[in-house]
Amino acid sequence: MKNVVYLFCLTLALVASSSHAKREYPTRPITNTVVWSAGGGTDAINRMLMAEMAKELDVRINVVNKTGGVAGSIGMNAVLRKRADGYNLVGLSSSNVVAAVNGGWTQKFDVWSPFIVGSSPDVVSVPYDSPYQTLEDLIQASKNKALKGAAGGVGGIHHIYLLELQKASGADFKYIPYPGSAPSQTAAITKEVDFVVTSMAEQAALLRGNKLRPLAMLHPDPYTLEGVGEVISAFDAYPSLSERLPLSQAIGFAVNKKVPEAVKTKLIEAFNKAMNSSKVKDWAMKNHYQLSGLSGQLAEQEFARLESIFTWTLDDLGANKLSPSKFGIPKP
Amino acid sequence: MIEQFTHFFSILINLISSPTNIIILFVASFLGIIFGAMPGLTATLGVALLTALTYSLGADTALLGLLGMYVGAIYGGSYPAILINIPGTPAAAATAMDGYPLTQKGLAGKALGLTTTASFIGTIIGLLFLVTLSPLIASLALQFTSWEFFLLALLGIILSGSLTSPDLVVKGWIAGLIGLLLATIGRDALQFFPRYTFDVPELDSGLEIVPVLIGAFGIPQVIRALTNTHHVKPPIFTGSILPELKSITRNIKHIFRSATIGVGVGAVPGVGEDIAGWVSYSTAKKTSSKAQQAEFGKGSETAIVSSETANNACVGGALIPLLTLGIPGSPPAAMLLGALLLHGITPGPSIEIDHPNFLLEVTAIMVLASFAMWANGLLLAKQVIKVLQLPTALFIPVVGVLCILGAYALNLNMFSLYLMIPIGIVAFLLGEMKFPISPMVIGLVLGGMADESLRRALLLSEGSFMPIFERPVALLLVLVMTVFILAQFSWFKRLFSFEGKK
C-alpha cells in the first residue's frame, strides 16, 4: 500500500516538475516571511519593496510576519526548512546575525543570499526637556551616577551602538532592554530612561515634534533634519568610535542560498529595477533611509562582516550564550 | 471651531462622493466583521492582510478600508461570543458572559441589536474624545511606565477573575494564575532565557494566544454538546433586531461611562480592547442597583452594552497615542502604523506639520467606518441568528472544524493544533469543576506584559518596590486592586456596611 502511495506521489512530482520546467520562474505567488513585527522598519521596507518587485516579476508577493524566538530565529527556521526554489523569501535585517550565538538556531548566516535595501544612521537622543544639553553633558553626568539608556533588544544593532559609545567615551551607562525601538523611544519620552539610541528613521517624527532632542549622530557625518537643524556627529569628539563604526543596519530580505542560479539572477534583476524606481527612492528619502542596493556576492560579504562584528562584540561583553568560534565565525 | 466643523464636513462629503470609496468601505467593514467573528482570525491579522491589498490605492481610500476593517473586526468578535459562547477575539470574552445567557433565553436578536448600537455609539464617543481631548489624553497616557503597565495587567486579571467565577471568587483568581503560569512559557523578553521550553523550538516564542483562545472556549463547547443527549434548542427569536429606543436610553449612563473607560484604556500604549471590556463590565456591575446586579452573568442588558461600548470606544482611544505620539495604543493600531508608513504618512507629533488636518480626516473616516459597521451589523445580525436553528448534529461539527482551521490558519503550523487540543480538554475539565475560563485566557494575554514590565521596573529601580508608592497612577491602581480583593471577604464587607450605617 505504502509503495503505491510513493509511486503516486512520484508521478505527481514528475508531472508537476515537467510542467514547471516549461515556464520560467516565477510561475506562482511568492511568499516573503518577515521575521520582525508588522509596523516596524523591516516590515515597512519589505512591504514597499515587494510591491515594486511584484510588478517586475509579474506574480503576487505575499508578505507575512513570523516573529519570535531569538533574534528572529523562528521565522528564519521556518523559511529555511522550505524548498529552495525561490518561492520563499525571508525579510530580515542585520540584527538577525546574532541568532546563532544567542542560542536561537544552529546556522551561520551564510545559508542565506541576502539583498540589502538600506539603512538609517543611529542617533543618541534625550527627552526634550532633559537637563543634558550636549553629549558631553550626558557622559560627564554618567560618571557620577550611572544613567539609564534604552536601545531596543539585547544584541541588536542599537544595543551595540550604545556599548561602543560607552567604550569610546568611558561613560557609565545602564542598558535597559526593551522589545524594540518604538518601546525604547516611548520609555525616553516618559522619562523612564535618561536617553535612547535608535535610528534616525525611527526617531524623526519624535524629534521634529519636540518630544525628543537629538544630541549626536553615531555616524561619521552630521545629519540635517528638516525643522530641527543639523545634528552633529559624535565621531568628532570621540574619534575612537570610528574603530568599529559605522555599522550599517542592512535592512532587506534574503533567499535560501541553495536556490538555482537562474532564480537568483531573476530576483536580482527585479530587485535592481525596484531599487531604481522613483517610488522606492522617494519613500527612502521621506523616511530617512539611505539606500544600498547590494545583492549577490557583495551583499553576502557585507553580511559576513556584520556577523563577525556583531557576534564578537557580544562576545567581548559576555552577552552571548555560545562563542562565535563555535560556528566558525572569524574575528573582525 | 466652526471652521474646523465646516472643514470636517467637506472632508466627509469628499470621501463619500466617490462610489469606489463607499464600496471599499462597506466591503472592508463586512470582511472585518467576518474576521472578528471567525475564531482564529483577529482584527490584527485582518488589518495586516488588508495593508498589502491597499498599497496601490490612495492614502485616503486605503485608510477608509483599514479603519473599516478594524472597527468591524472589534465588533464582529461579539457574534460568536453571544451566539455560541466562543468569543471571536479576547476582547469579546466579557460579552460572552451575558450574551450567551440571552441567547439561551431566545433573545439572541435583541442582544446582537443592542451590541451593534452600543458599539456604534461607543465608537462615536471615542471619536469625540479623539478630536477634542487628544493632546490631554496623550499626556496622561505618558504617565504609564513599567510599574503602571505591570499593575494594569494585574488589575485586568484580578477583575476578570472575580467577575467570571460562578462559584467561589478564588477559583477565578486561580484560573488567572494558571494563565500567568502559561504566559511564562517561552524565552523571556529581557534576557532570552528559555523557560519551560523543554528544548522544543516551537515553544521559544511562548504560547500563541489564538490557539489557546480557541482551545479554551471552543473545544469545551463542542465536548459539552456531544455529551448532552437532550439538547435544548434556544427558542426562535421573532422580535425586531433594531433595539428599542427605550433600552438605549435606559442604559445611557452605562454607555457614556463605558465609552470613557474604553477611550482611557485604549489610549494607554500596548493595552487594548481586552482589558477595556472587563474594566467596564466591573464598573457597570458596581454602579448598578442590587436587582440589576443579580442579573449580571445571567443575561443582563447592561452588561453586554457596557463591555461592547468599551471595546469599540477603545479604537478611538488607541488612535490617540498613534496619531499624536506615533505610539500604537493596541496591536491592531500597530498594524495601522505600518500601513500609514507605507503610504508615506508618519504619525506622531510632527503630523500636524506634515499633514495638517490629518486628525480631522481620520475622524471623518472613522465616522464612516462606524456607520458602515452599524448598517452591516444590523443586516448581518438577522441572518446569523439563523445558525442557531441548525440541528446540533450539523452545527457542532462545523464549529469544531472551524476551530481547528482557525488555530491552524494563523501560522500554518501543526504545533498550534497540538497546543489547542490539550488546552481544550484541560479547559473542559476546569469548567466542569466550576473554574471560569476567561481569567485563564486573560492571564495568558496580559501575563507577558505583567512579567516583562515588573522585571524591567525592578531593573530600573534597582530592586526597590518603593516607586509604586511614589507614582500617583501606580498608587491609584494598587488601591483599586486592594479594595477589590478585600471586598471579596465577608469581614471586610461587614466592616464597610457597619461604617455605612454609622
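## Helix packing in chain B: α10 and α20

Helices α10(B) and α20(B) are oblique to each other, because angles that are neither roughly parallel, roughly antiparallel nor roughly perpendicular count as oblique. In this predicted model, α10 (residues 209-227) and α20 (residues 414-432) of chain B pack at an angle of about 55°, and their axes are 7 Å apart. The crossing of α10(B) and α20(B) is right-handed.

On the α10(B) side, the contact involves P211(B), V212(B), I214(B), G215(B), A216(B), G218(B), I219(B), P220(B) and I223(B). These residues meet S416(B), L419(B), M420(B), I421(B), I423(B), G424(B), I425(B), A427(B), F428(B) and G431(B) of α20(B). By residue class, the contact of α10(B) with α20(B) comprises 14 nonpolar and 5 polar residues, with no charged residue.

## Helix packing in chain B: α15 and α16

A further helix pair in chain B is formed by α15 (residues 301-325) and α16 (residues 331-342), which pack at an angle of about 40° with their axes 10 Å apart. Helices α15(B) and α16(B) are therefore oblique to each other, and their crossing is right-handed.

The contact brings A318(B), L319(B) and L322(B) of α15(B) against A333(B), L336(B) and L337(B) of α16(B). The residues of this contact divide into 6 nonpolar, no polar and no charged.

## Open mixed sheet of chain A

In chain A, 5 strands are arranged as an open sheet in the order β7-β6-β8-β5-β9, with mixed pairing. The edge positions are taken by β7 (173-176) and β9 (212-217) of chain A; each has a single partner strand, so one side of each is left without a neighbour in the sheet. Neighbouring strands of this sheet are turned by 30° against each other on average, direction ignored.

At the β7(A) edge, the pairing is with strand β6 (residues 147-150) of chain A: the two strands run parallel and are joined by 4 bridges. Within this pairing, G149(A) has Y175(A) in β7(A) as its bridge partner. Helix α6(A) lies across β5 (122-127), β6, β8 (195-199) and β9 of chain A, and runs at about 150° to β8(A).

## Strand β4 of chain A

Strand β4 (residues 112-119) of chain A is mostly covered, with 8 of its 8 residues buried. β4(A) pairs in the antiparallel sense with strand β12 (residues 251-256) of chain A over 6 bridges. In that pairing, G118(A) stands opposite I251(A) in β12(A).

β4(A) also pairs with strand β13 (residues 290-294) of chain A, again in the antiparallel sense, over 3 bridges. Here the bridge partner of S119(A) is Q290(A) in β13(A).

## Interface between chains A and B

Across the interface, 35 residues of chain A are in contact with 36 residues of chain B. On the chain A side, the elements that give two or more residues are α2 (41-57), α3 (73-81), α6 (181-189), α7 (200-208) and α9 (278-286). Of these, α2(A) gives the most, with 5 residues. The side of chain A that touches chain B is made up of 17 nonpolar, 10 polar and 8 charged residues.

Helix α6(A) thus appears in two settings: it is among the elements that contribute to the side of chain A touching chain B, and it lies across strands β5, β6, β8 and β9 of chain A.

Conventions
Residues numbered from 1 in each chain as written. Chains lettered and ligands numbered in written order. Predicted model: local features only at pLDDT ≥ 70, side-chain atom pairs only at ≥ 80, totals over all residues. Contact = placed C-beta atoms within 7 Å. Nonpolar A, V, L, I, M, F, W, Y, C, P; charged D, E, K, R; others polar. Buried ≥ 20, exposed ≤ 12 C-beta atoms within 10 Å, placed from the backbone. Pairing = 2+ DSSP bridges. Axes fitted to C-alpha atoms, helices over the stretch in contact; angles between N-to-C directions. Parallel < 35°, antiparallel > 145°, perpendicular 65-115°, else oblique. Left-handed = near helix turned anticlockwise from the far one by under 90°.
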